[in-house]
Amino acid sequence: MDPIREFELVMSRRELFGRTAMGVGSAALHTLLRSSGLAAAFAASSAFGALQKPQIHMGKPRPGLPNMPSFAPKAKRVIMLFMNGGPSQMDLFDYKPKMEEQFDKDLPDSIRNGQRITTMTSGQARFPVAPSKFKFKKHENNEDGAYFSEILPHMATIAKEICIIKSMWTEAINHDPAVTYIQTGSQLPGRPSFGSWVSYGLGSMNEDLPTYVVLHSKVGNGKADQALFSRLWGTGFLPSDHQGVSLRSSGDPVLYLNDPHGVDRNTRRGMLDDVSKLNHLQLDQFGDPEIAARISQYEMAYRMQASVPELMDLKQEPEEVFELYGSDSKIPGTYAANCLLARRLAQRGVRFIQIFHRGWDQHGNLAVDLPSQTKDVDQATAALIKDLKRLGMLDDTLVVWGGEFGRTVYCQGPLSRDNYGRDHHPRCFTRWMAGGGVKPGISYGHTDDYCYNIVDKDGNVINPSVDEFTPGAVHIHDMNATMMHLMGIDHTKLTYRYQGRDFRLTDVHGHVVKDLLA
């Protein structure tokens with residue numbers, strides 16, 4: 001039995017009240033440490049901008065759990081490109097030419113088959129089919145070619161590098177549950193995020209930077225309509241030092257990065273050492289792992305005062321790199337700049353990097369808003385893959401692109417040949433992966449002519465179940481299990497006991513999709 005848990009179980013009534021009394025002092029200490037002056041002190045630095053050396057510094061690694069990884073990994077790190085809002089698969093990757101002749105005709109009942117839809121369209125008198133207005137072109141991959149929309153000209157150039165999964169599915173039909181589901185394995189908030197599980201299991205490759213970093217991108221058209229919550233990169237019930245560190249898209253990437261006036265580096269170190277002694281006294285008395293996490297986080301903040309300025313200094317990059325990623329890569333906080341920053345983080349040993357780009361929720365005006373979204377991400381996404389390959393990093397870096405669900409083939413709101421809207425669709429959507437042990441240049445899975453249901457190679461509708469693996473269909477638990485497998489983790493063995501139950505990212509589900517592996 002865990003010795004801390006055993007101590008709690010055998011604690012007497014007197015010891016309980018004694019610890020409760022001491023808890024008041026601990027709470028007071030917590031309040032003092034959170035005061036504005038000390039908060040600034042613990043997360044600040046006078047060394048901002050001082051590091052000008054172009055070489056990459058790597059701190060020593062921090063080990064993860066015993067027996068992790070479970071086997072030799074293909075991917076050392078993950079870069080997850082999350083398109084928040086639900087990109088329209090049939091306007092980007094899943095070409096459906098037969099829908100042209102179905103324009104403005106009602107979606108057949110046999111296709112929908114009574115499936116759940118959102119309240120945003122359930123009251124519509126009809127469900128008229130809206131074929132994509134965008135032209136598609138077939139591009140050479142490692143099979144018989146892959147179709148890309150005209151608004152993805154740059155991604156089309158990496159067709160031989162990516163594995164396009166057209167048969168993703170989820171049970172969640174609204175944004176927050178769906179994003180929470182992909183991020184944590186549960187539609188209900190409170191579970192650890194994917195990156196936190198990776199940090200907990202595998203540890204860090206560079207103690208000078210967090211294991212899990214989150215980047216938020218500015219949206220070109222300003223329509224960042226869906227909120228993102230810090231719990232999406234939080235630790236849930238895991239120790240808090242495994243949470244994602246969110247770098248800001250404007251201003252200082254980390255608040256209080258600069259030391260207060262009159263505080264030099266030696267003073268900062270001495271203050272941190274004194275606070276550490278206080279925290280160790282509390283840790284020795286209570287054995288609370290969160291106190292250990294706090295000590296670790298203070299030390300990480302101190303090291304980041306030197307490592308973050310060097311990381312953010314893009315002036316070290318040659319001009320041809322900026323040309324590759326596009327002109328936006330010189331503007332802090334843009335998706336292009338974040339893709340370049342993600343590559344720099346990967347070079348410095350950050351295991352899990354996540355870029356969020358919002359605004360993909362086109363319930364209307366899709367013909368205008370979707371091209372604006374792809375303009376933000378298309379060139380930089382392709383550049384990231386090419387850059388990683390140029391540096392010899394793509395083979396051990398897993399890159400994932402996609403959102404939380406797809407869009408409906410039927411129109412939401414007014415329909416014309418030139419414009420339309422689409423509702424949420426969880427029954428089938430598209431994501432893609434590249435590098436890190438993934439089979440390159442293939443498409444996996446099929447959908448029907450209406451892009452409404454997953455079908456087998458013969459066109460027969462598949463009704464997948466989360467409880468068992470259905471060949472050709474990829475549930476989000478299967479996707480997460482496969483990603484973990486590529487990182488050398490058996491998803492059934494990376495668990496954490498909480499409230500009497502062993503939890504894991506994939507809950508009690510998930511299967512590795514071996515057809516996706518190189």
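This section describes two helices and the cysteines of a predicted model.

Helix α10 covers residues 335-347. At 1.5 Å a residue, its 13 residues should span 18 Å. The end C-alpha atoms of α10 lie 18 Å apart, which agrees with that expectation. Of these 13 residues, 12 are buried, so α10 is largely enclosed by the rest of the structure. The buried set opens with Tyr335, Ala336, Ala337 and Asn338. It continues through Cys339, Leu340, Leu341 and Ala342. Arg343, Arg344, Leu345 and Ala346 complete it. Two arginines are thus among the buried residues of the helix, Arg343 and Arg344. Gly349 follows α10 and has a positive phi, near 90°.

Helix α12 spans residues 476-486 and is mostly covered. Here 10 of 11 residues are buried. They include Ile476, His477, Asp478 and Asn480. Four more are Ala481, Thr482, Met479 and Met483. Met484 and Leu486 are also buried. Just after α12, Gly488 adopts a positive phi of about 85°.

The structure contains zero disulfides. Cys451 is in no disulfide. Its nearest cysteine sulfur belongs to Cys428 and is 4.5 Å away. A disulfide requires the two sulfur atoms to be within 2.5 Å, so this pair does not qualify. Cys451 is buried, with a relative accessible area of 1%. Cys339, in the buried set of α10, has a relative accessible area of 0%.

Notes: Residues numbered from 1 in each chain as written. Predicted model: local features only at pLDDT ≥ 70, side-chain atom pairs only at ≥ 80, totals over all residues. Heavy atoms only, no water. Buried < 20%, exposed > 50% of the residue type's maximum accessible area, 1.4 Å probe, protein only. Expected span 1.5 Å × (residues − 1).
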